Amino acid sequence: MTRTGELGAAGEELAAAWLRAHGFLIMDRNWRMGRYELDIVAARGDRVHFIEVKLRREGGLTLPEEAVTPLKCRALVRAANCYVETFGVTLDCQIDLIAVEYAPDGRTKVRYIPDAVAPKW
């Protein structure tokens, strides 16, 4: 695995740990069907959360949140709809973001942004 791939996997692991610590049940990780992909699918209460994880270096040119472009938002909505149809999800759904920033000394910051993408279900 490349250094970038290792960092991405570590970021997703941090995100999953954060979600568990905050009462989420992880249902799927790295779910794929054809061209559709979701980083984390989790549930809390009566809601399913499709969670995009973005990782960036601390002090970099862009924040992790800035990587969620309109094109990425459309792809997330399509992937979430595919998941809902595939598994017959009947609960309310939302698309969230977890932004992870890491420093060279190993420190990390995790930010949860609920409803980061507002689809028209």
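**A five-stranded sheet and its nonpolar cores**

In this predicted model, strands β3 (residues 47-57) and β4 (residues 92-102) run parallel to each other and are joined by eleven bridges. One pair can be picked out by name: R47 has D92 of β4 as its bridge partner. These two strands belong to an open sheet of five, arranged in the order β1-β2-β3-β4-β5, and the pairing across the sheet is mixed. At its edges lie β1 (25-33) and β5 (108-117), each of which pairs on one side only. From one strand to the next, the twist averages 30°.

Helix α2 (residues 70-87) packs on this sheet and touches β1, β2 (36-44), β3, β4 and β5. The direction of α2 makes about 65° with that of β2.

It is worth turning next to the side chains. In soluble globular proteins, nonpolar side chains tend to be buried together. Here the largest nonpolar core holds 19 residues, and the members touching the most others are L38, F50, Y83, I95 and V117. Two or more residues of this core come from each of β2, β3, α2 and β4, with α2 giving the largest share, eight residues.

Y83 offers a good place to look at the surroundings in detail. Leaving aside residues up to four places away in sequence, Y83 touches M27, D28, W31, L38, V41, F50, G88 and V89. L38 and F50, two of these contacts, are also among the core members that touch the most others. Apart from this core lies another, of 14 residues, which include A42, V53, L55 and I98.

Methods: Residues numbered from 1 in each chain as written. Predicted model: local features only at pLDDT ≥ 70, side-chain atom pairs only at ≥ 80, totals over all residues. Heavy atoms only, no water. Pairing = 2+ DSSP bridges. Helix = DSSP H or I, 4+ residues; strand = E, 2+ residues; numbered from the N terminus. Axes fitted to C-alpha atoms, helices over the stretch in contact; angles between N-to-C directions. Contact = heavy atoms within 4.5 Å. Core = buried A, V, L, I, M, F, W, Y, C linked by side-chain atoms within 4.5 Å. Buried < 20%, exposed > 50% of the residue type's maximum accessible area, 1.4 Å probe, protein only.
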